[in-house]
Amino acid sequence: MSDDQPHAPYPDDALAAIAPLVRGEAAVWLREPGLGLAIDAAPLSTEEVAEARARFTRFEPVLRALFPANNWNGQISSDLIDYPKSSTLGLLVKCDHALPMAGSVKARGGVYELLCHVEELALDRGLLGTGQSLEALLAPAGLAMLEAHRIVVASTGNLGFAIGRVARALGLQAEIHMSHDAKSWKKERLRAIGATVVEHDCDYTGAVARARHAAAADDAYFIDDEDSRRLFVGYAVAAAELADQLSARGLTIGPGRPLIVYLPCGVGGAPGGITAGLKQIYGEHVLAVFVEPVASPCVFAALAVGQGRPVSIYEFGLTNDTIADGLAVPSASPFVMQAIGRNIDAVVGVTDQAMVGWVRQAWAQAGLRLEPSGASGFAALDLFKVRALQAGLIGGGAEPVHVVWTTGGSLLPESEFAALLAP
Ligand SMILES: *Cc1c(COP(=O)(O)O)cnc(C)c1O
């Protein structure tokens, strides 16, 4: 699926940066000093994020009614914990692997866009009077209306599950287009909740294109992982949540105490939205480190090449073959690269071996149940620190707070998790 369009030869330093990845080795890319906030600060308005927070709050009674297990309060939020639990090393974990309903970070962006669409439908059909609670959606007239609508999305597994699960609970039809790297248990789990699974023998970029086509032909609502502001804004809400949790711990982020977040990256939507939200709050005092598998470094390659557009990793001889199915993406979201690309501070390419090593270590040391994609942030920690110190990006007396964002895994079936732990 390589790009047939002729393009200017890539700069030698870009090819040199990507070379270790092509050999299957870890690598670090750092943003050039001087790029960043000054160029495209605030790609996202505070009003937009506040509106998204308010929408999540409006939907709490609906989600609580649909998913009553464990007395859940309907809030899509995760804990911020010390790692390991009792240590004072300044390493924190943001536990999105344990988010309600989805067991992954997709409970934020994916579910948010679905809620936007559902609310829009309800208002359009006159099902909600002004100021009326969204619980009216769960009355027979609301459910009958929703049953007639279909949501289409492409996924390597987690986005489809988050959207599919909530869509099906509301009675909407859900059609999930899966790339060839999607794990079969993730397909089965979707069929079990009554979603339609369309299997493709192509990669994620191809699956998104085919899903987009199918949705257009069918007049369904398409959630476009490569081009969605709603997804992006849904993820951005996580930043305010983290900021509240840091304040509650008495951690004031600023020049003496920068925040460094390690964010697993596929198309870039989840890490990009979270980064946009955090930059809005903390400006230059937060550093966003995106983490990708060595075989699927789509954001790494796009930034190293520096042409302001996504590139395909196949152009460099990379394979997209990785155990981290949630991150197996050959080309970044053009929307995300435009919105936040210049504000990504670093990208770290990590090996499958290191991710699996961290699945085991995080379980042994802290009882965290992670999938390889979800554990990848840990694998980037030391690689980033060494390079950032050399480059003077950290050090000089400041005491950073490091936050590893764990993005998926709490709903892994026992047999899948046991296989990952087996030596
Ligand atoms: C989807 C996903 C990501 C990355 O999100 P993108 O929006 O694709 O960048 C990270 N971790 C897990 C477990 C995921 O499922």
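**View 1. In which loop is Ser78 found?**
Ser78 is found in the loop between helix 3 (46–66) and strand 2, where helices (DSSP runs of H or I, at least four residues) and strands (runs of E, at least two) are numbered from the N terminus. This is a predicted model, in which local features need pLDDT of at least 70 and side-chain atom pairs count only at pLDDT 80 or more, while totals for chains, interfaces and linings use all residues. Residues are numbered from 1 along each chain as its sequence is written, and side-chain values use heavy atoms, with hydrogens and water left out. Ser78 is buried, with a relative accessible area of 6%; buried stands for under 20% of that area, exposed for over 50%, and partly exposed for what lies in between (1.4 Å probe, protein chains only). Leaving aside residues up to four places away in sequence, Ser78 touches Lys94, Cys95, Asp96, Leu99, Arg108, Glu241 and Gln245, a contact being heavy atoms within 4.5 Å.

**View 2. Seven strands form an open sheet with mixed pairing.**
Read across the sheet, the order of the 7 strands is 1-10-9-8-11-3-2, and two strands count as paired if DSSP finds at least two bridges between them. Strand 1 (27–30) and strand 2 (80–82) stand at the edges, and because each has a single partner strand, one side of each is left without a neighbour in the sheet. At the edge formed by strand 2, the pairing with strand 3 (residues 91–95) is antiparallel and runs over 3 bridges, and within it Ile81 has Val93 of strand 3 as its bridge partner.

**View 3. Strand 10 (residues 346–350) is enclosed and has pairings in both senses.**
In this strand 5 of the 5 residues are buried, so strand 10 is largely enclosed by the rest of the structure. The cover reaches both faces, with Ala346, Val348 and Val350 buried on one side and Val347 and Gly349 buried on the other. Strand 1 and strand 10 run antiparallel and are joined by 4 bridges, and the bridge partner of Trp29 in strand 10 is Val347. Strand 9 (residues 286–293), by contrast, pairs with strand 10 in the parallel sense over 5 bridges, and here Val291 has Val348 of strand 10 as its bridge partner.

**View 4. Four strands make up an open sheet with parallel pairing.**
The 4 strands follow the order 6-5-4-7. Strand 6 and strand 7 stand at the edges, each with a single partner strand, so one side of each has no neighbour in the sheet. Strand 4 (residues 150–155) and strand 7 run parallel and are joined by 3 bridges; one residue to look for is Val153, whose bridge partner in strand 7 is Ile223.

**View 5. Helix 7 (residues 184–192) packs through its buried residues.**
The buried residues of helix 7 are Trp185, Lys186, Lys187, Arg189 and Leu190. These buried residues pack against helix 6 (158–169), strand 5 (173–178), strand 6 (196–199) and helix 15 (414–421). Just after helix 7, Gly194 takes a positive phi of about 85°.

**View 6. Three loops hold a cis peptide bond or a positive phi in a residue other than glycine.**
Most residues other than glycine have a negative phi, and most peptide bonds are trans. The peptide bond from Tyr83 to Pro84 is cis, with omega near -25°, and Pro84 is found in the loop between strand 2 and strand 3. Met101, which is not a glycine, has a positive phi of about 70°; Met101 is found in the loop between strand 3 and helix 4 (106–124), and is buried, with a relative accessible area of 7%. Asp219 also has a positive phi, near 60°, and lies in the loop between helix 8 (204–218) and strand 7 (221–223); Asp219 is exposed, with a relative accessible area of 73%.

**View 7. Polar side-chain atoms of Lys106, Asn158 and Thr407 lie within a few ångströms of atoms of the ligand.**
A polar side-chain atom of Lys106 lies 2.7 Å from an oxygen atom of the ligand, and a polar side-chain atom of Asn158 lies 2.8 Å from an oxygen atom of the ligand. For Thr407, a polar side-chain atom lies 2.7 Å from a nitrogen atom of the ligand. The ligand taken alone exposes 380 Å², and the protein buries 98% of that (areas by the Shrake-Rupley method with a 1.4 Å probe).

Conventions: A polar contact is a pair of N or O atoms within 3.5 Å; within protein, one must be able to donate a hydrogen and the other to accept it, and residues adjacent in sequence count only if both atoms are side-chain atoms.
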